[in-house]
Amino acid sequence: MVSGLFILALVLAAVEGYLIGSVSFGVLVSKALYGKDVRTLGSHGAGMTNVLRNFGKKGAAITMLGDTAKGVATVLLGRWLILLLAPGTDTLYGAYVAAVFTLLGHMFPLYFGFKGGKGVATSLGIIVTLQPVLAIALLALFLVVFAISKMVSLGSIIAIAFYPVTTLLWCLFVSHQDVVFSTVCAVLFAVLVIYMHRGNIQRIRNGTEYKFGQKKKSGDAAPDSKEE
């Protein structure tokens, strides 16, 4: 039987996930360090890649660290809320609920007009906290695809697309945690991140997606031809 305190813990996990997820480090870093909102430049995205391309490595590194760290923090808080309010219940539920709402907050931030990033760095922080082994495997897959294609977007899309598959296998053969719940949440992650990359997918199909290190051609149009 599901207790009222368990439901309360899940609600609080969702709230803290969304509110913390809404802290857009790309926007904060670009405004604080460079006096500009990164969403007005390049692809108009708030992600690490757009920060890198417009402001350089320092801003991108801080953005990456912040967006990854908030994924870690919200998952840990989600677990703690279950321990506090519904001891004896699997903390997995609070962790995953917090994680899903963190991604929603990152993509549609409350504090920044619901215009955020694509969720790659935040997903990394979440997966590292939930399943470190899977995070390593997916990061390796990302690096292989990126090394071949030079496209951050393609590496991100392929890596997150494999997350539900690896989660299913992990639950069945290693952790034996709630297979259905974990896999459904992993599918939600993948759907959200891939949806946010829909423009990138179209440009990959058209052969116009930005490749890392590629110099901007004169007369290149701007925001739509860029990645993130």
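In the predicted model, helix H8 is followed by His-176, a residue with a positive phi near 60 degrees. The helix itself spans residues 152-175. Its course includes a kink of about 30 degrees, located at Tyr-163 and shortly before the proline Pro-164.

Many positions of this helix are buried. The buried residues of H8 are Val-152, Ser-153, Gly-155, Ser-156, Ile-157, Ala-159, Ile-160, Tyr-163, Pro-164, Thr-166, Thr-167 and Cys-171. Tyr-163, the site of the kink, and the proline Pro-164 thus both appear among the buried residues. The cover over these buried positions includes helix H3 (48-55), helix H5 (92-107), helix H6 (120-130), helix H7 (132-149), helix H9 (179-196) and helix H10 (198-206).

Thr-166 was examined individually. This residue of H8 has a relative accessible area of 18%, and because buried means under 20%, Thr-166 is classed as buried. The side chain of Thr-166 reaches back along the chain to the backbone oxygen of Tyr-163, at 2.9 Å. Tyr-163 is thus both the partner of the Thr-166 side chain and the residue at which the kink lies. When neighbours within four places in sequence are set aside, Thr-166 is in contact with Leu-134 and Leu-138.

The cysteines were considered next. A search of the whole structure finds zero disulfides. Cys-171 is accordingly in no disulfide, and the nearest cysteine sulfur, belonging to Cys-185, is 10 Å away. For Cys-185, the closest cysteine sulfur is that of Cys-171, and the pair remains unbonded because a separation of 10 Å is too far for a bond; a disulfide requires the two sulfur atoms to be within 2.5 Å. Both residues are nevertheless buried: Cys-171 has a relative accessibility of 1%, and Cys-185 has a relative accessibility of 6%.

Cys-185 also takes part in the packing of H9 against H5. Two packed helices are described by the angle between their axes and by the distance between the axes. The axes of H5 and H9 come within 11 Å and cross at roughly 10 degrees. H5 is therefore roughly parallel to H9, since angles under 35 degrees are counted in that class. On the H5 side, the contact is made by Leu-92, Tyr-93, Tyr-96, Val-97, Ala-99, Val-100, Leu-103, Leu-104 and Met-107. On the H9 side, the contributing residues are Phe-181, Ser-182, Cys-185, Leu-188, Phe-189, Leu-192, Val-193 and Met-196. H5 and H9 are also among the helices that cover the buried residues of H8.

Definitions and conventions. Residues are numbered from 1 along each chain as its sequence is written. This is a predicted model: local features need pLDDT of at least 70, side-chain atom pairs count only at pLDDT 80 or more; totals for chains, interfaces and linings use all residues. Side-chain values use heavy atoms; hydrogens and water are left out. Helices (H or I, at least four residues) and strands (E, at least two) are DSSP runs, numbered from the N terminus. Buried means under 20% relative accessible area, exposed over 50%, partly exposed in between (1.4 Å probe, protein chains only). A polar contact is a pair of N or O atoms within 3.5 Å; within protein, one must be able to donate a hydrogen and the other to accept it, and residues adjacent in sequence count only if both atoms are side-chain atoms. Contact means heavy atoms within 4.5 Å. The bend at a residue is the angle between axes fitted to the seven residues ending there and the seven starting there. Axes are lines fitted to C-alpha atoms, for helices over the stretch in contact, and angles run from 0 to 180 degrees between N-to-C directions. Angles under 35 degrees count as roughly parallel, over 145 as roughly antiparallel, 65 to 115 as roughly perpendicular and the rest as oblique.
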